[in-house]
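Subject: Handover of a structure

Dear colleague,

Please find below the sequence and the structure that I am handing over to you. My findings follow, and I would ask you to read them with the structure open beside you.

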Amino acid sequence: MKEFRLPDPGEGLVEADIVTWRVAVGDEIKVNDILLEIETSKSLVELPSPYAGTVTQLLVAEGDTVDVGRPIIAIEDGTEVPATPAAEPAAGADEGGERVANLVGYGAKAADTRRRPRKTAGGGETAPVETHEQVNSTFAVDTPVSRRADHREPLRPAPAQSHGGPLPPPGPAAPETVPPSSGAVLAKPPVRKLARDLGVDLGSLTGTGTGGVITRDDVEAAAARASDPDPVATPSPVPVAAGADRRIPIKGVRKATAAAMVQSAFTAPHVTVWVEADVTATMELVRTIKARRDFAEVKVSPLLLVAKAVLIALKRNPELNSSWDEAAQEIVLKGGVNLGIAAATPRGLIVPNIKDADRLSLLELAQAFGSLVTMARSGKTPPADLARGSFTITNIGVFGVDGGLPILNPGEAGILAIGQIVRKPWVVGSGDDERIEPRWVTTIAVSFDHRLADGQQGSTFLADVAQILSDPGLALVLS
């Protein structure tokens, strides 16, 4: 029997939320089969099985928040070995002595464990060494130490928990089923969705499936009973009145985001500056790049050119690509730019970053953008891609917003917000050639940590970004 403990998927995490079980009690699994999905550090992570065998128990339920290192599933892997007949006591061993449990292995074998006689310098042989045999005999046991059926005393105290009854035999499910233990509700995702749609509380049901799994029939039967209640049955709960408050548990993405924003708001003194920019030339460049054959397989958007302008401006203003080391009382100027892109996903806000983005060509940057967006939308962004960011871009324009005052990610010096790009009347030309034309215009704002950069550095950085977007040819001069 093996108990799989929740591992740390990366970056020193201490807990995770159980999202979806991919297996049920009684399932046969192989090594590397996916057991479940967990949510941690703002991403979904699939956990594979390190063991092959039969699932005997799910120790935690979907929706639970579990500490790293806690057992989450029990798997019968068939590694228990039947007790072997006790070996006859070896010569020199104390036959009347009581045997001591072996912490490793299953004790001595019945075969002879004497060492081969040694040859002396004169060619003779010394007597067999009995010490090794005596040690083996002393620590031998008649039954495997890991046999749970023996109910041996654990090596260290463990929290008391129920492990349920024995599994049903193979074949059709018996009329009486074993309810899930440890409070786990056993049901597959489609059944859970059906329960939500019908307003059925899975925790109140007893599954009729193998091993206590709740089936579709169980949910539909419960829904039918709710719609046509038995006169002698317990009255149904009073429905929640329209307009009543709802309470949502603070966990997962929301919990991580809240902690990060509070830390940032009360640690880094924020300063925000903004500017309107004519980005008509950038929009024309986007159309030109899209027509190129080498960019045919990647998405080219204004955000890609905004990112390139930011990378050039950061090279000219390194204070906005730095961090504050409180312990060492030092400002750390980063050797490269890990460019974060704020992404709104079905599970909430995440900020994956592109490592060493300043060293990528425009095509490589476009490819990295595509990979980042695909992973974020699928909820499979690895924790490593969410760590060690140095500067962030947030595109609030996709929501039809002109501008905003973004909050820094903890540990970063700056964050740039780009508003929607819209047609506006704009004064162009000068002197006698001055005129008003409809142009593509956007609002760009940057928030920065005033401990790391002064108003001059923050304003110069923003001006550089605006100039490059107004005239992309300046990138050749400023880079």
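A residue is called buried when its relative accessible area is under 20%, exposed when that area is over 50%, and partly exposed in between. Valine 271 has a relative accessible area of 22%, and therefore counts as partly exposed. Please bear in mind throughout that this is a predicted model.

Valine 271 belongs to strand β9, which covers residues 270–278. Which residues does valine 271 touch, not counting those up to four places away in sequence? They are Val446, Ser447, Phe448 and His450. Although valine 271 and valine 446 are 175 residues apart in sequence, their C-alpha atoms are 8.2 Å apart in space.

Overall composition

The protein has 479 residues, of which 37% are buried. Its secondary structure consists of 9 helices and 19 strands. Among contacts with a separation of 6 or more, 62% join residues 24 or more positions apart. The protein exposes about 27900 Å², and carbon and sulfur atoms supply 55% of this area.

Strands and sheets

Strands of a sheet pair through backbone hydrogen bonds, either parallel or antiparallel. One open sheet is made of 4 strands in the order β1-β8-β6-β3, with antiparallel pairing. Its edge strands, β1 (2–5) and β3 (28–29), each pair on one side only. Strand β3 is joined to β6 (residues 53–58) by 2 bridges, and isoleucine 29 has glycine 53 in β6 as its bridge partner.

Further along the chain, β18 (residues 422–428) and β19 (residues 435–449) pair in the antiparallel sense over 7 bridges. In this pairing, lysine 424 stands opposite arginine 439 in β19. The two strands, β18 and β19, form a hairpin with 6 residues between them. Glycine 429, in the turn, has a positive phi of about 75 degrees.

Cores and helices

The largest nonpolar core contains 45 residues. Which of them touch the most other members? They are Val310, Leu339, Phe391, Leu416, Ile444, Phe461 and Val465. Helix α6 (residues 302–316) gives the most to this core, with 11 residues. A second, separate core has 23 residues, including Phe4, Leu6, Ile18 and Val23.

Phenylalanine 391 deserves a look of its own. Leaving aside neighbours within four places in sequence, phenylalanine 391 is in contact with several residues, among them Val310, Leu339, Leu416, Val446 and Phe461.

Helix α8 (residues 455–470) has 16 residues and reaches 22 Å from its first C-alpha to its last, close to the 22 Å expected at 1.5 Å a residue. The buried residues in α8 include Gln457, Phe461, Leu462, Val465 and Leu469. An α-helix has 3.6 residues a turn, so residues three or four places apart point the same way.

Confidence in the model

The average pLDDT of the protein is 78, and 72% of the residues score at least 70. How many contacts beyond four places in sequence does the model have for residues 81–113, where pLDDT stays under 50? The model has 50 of them for this stretch. Residues 227–235 also have a pLDDT below 50, and this stretch has 0 contacts beyond near neighbours in sequence. Where pLDDT is low, the predicted coordinates should not be read in detail.

Yours sincerely,
A colleague

Definitions and conventions
Residues numbered from 1 in each chain as written. Predicted model: local features only at pLDDT ≥ 70, side-chain atom pairs only at ≥ 80, totals over all residues. Heavy atoms only, no water. Pairing = 2+ DSSP bridges. Expected span 1.5 Å × (residues − 1). Buried < 20%, exposed > 50% of the residue type's maximum accessible area, 1.4 Å probe, protein only. Core = buried A, V, L, I, M, F, W, Y, C linked by side-chain atoms within 4.5 Å. Contact = heavy atoms within 4.5 Å. Areas by Shrake-Rupley, 256 points an atom, 1.4 Å probe, with all protein chains shown as cover. pLDDT = per-residue confidence, 0-100.
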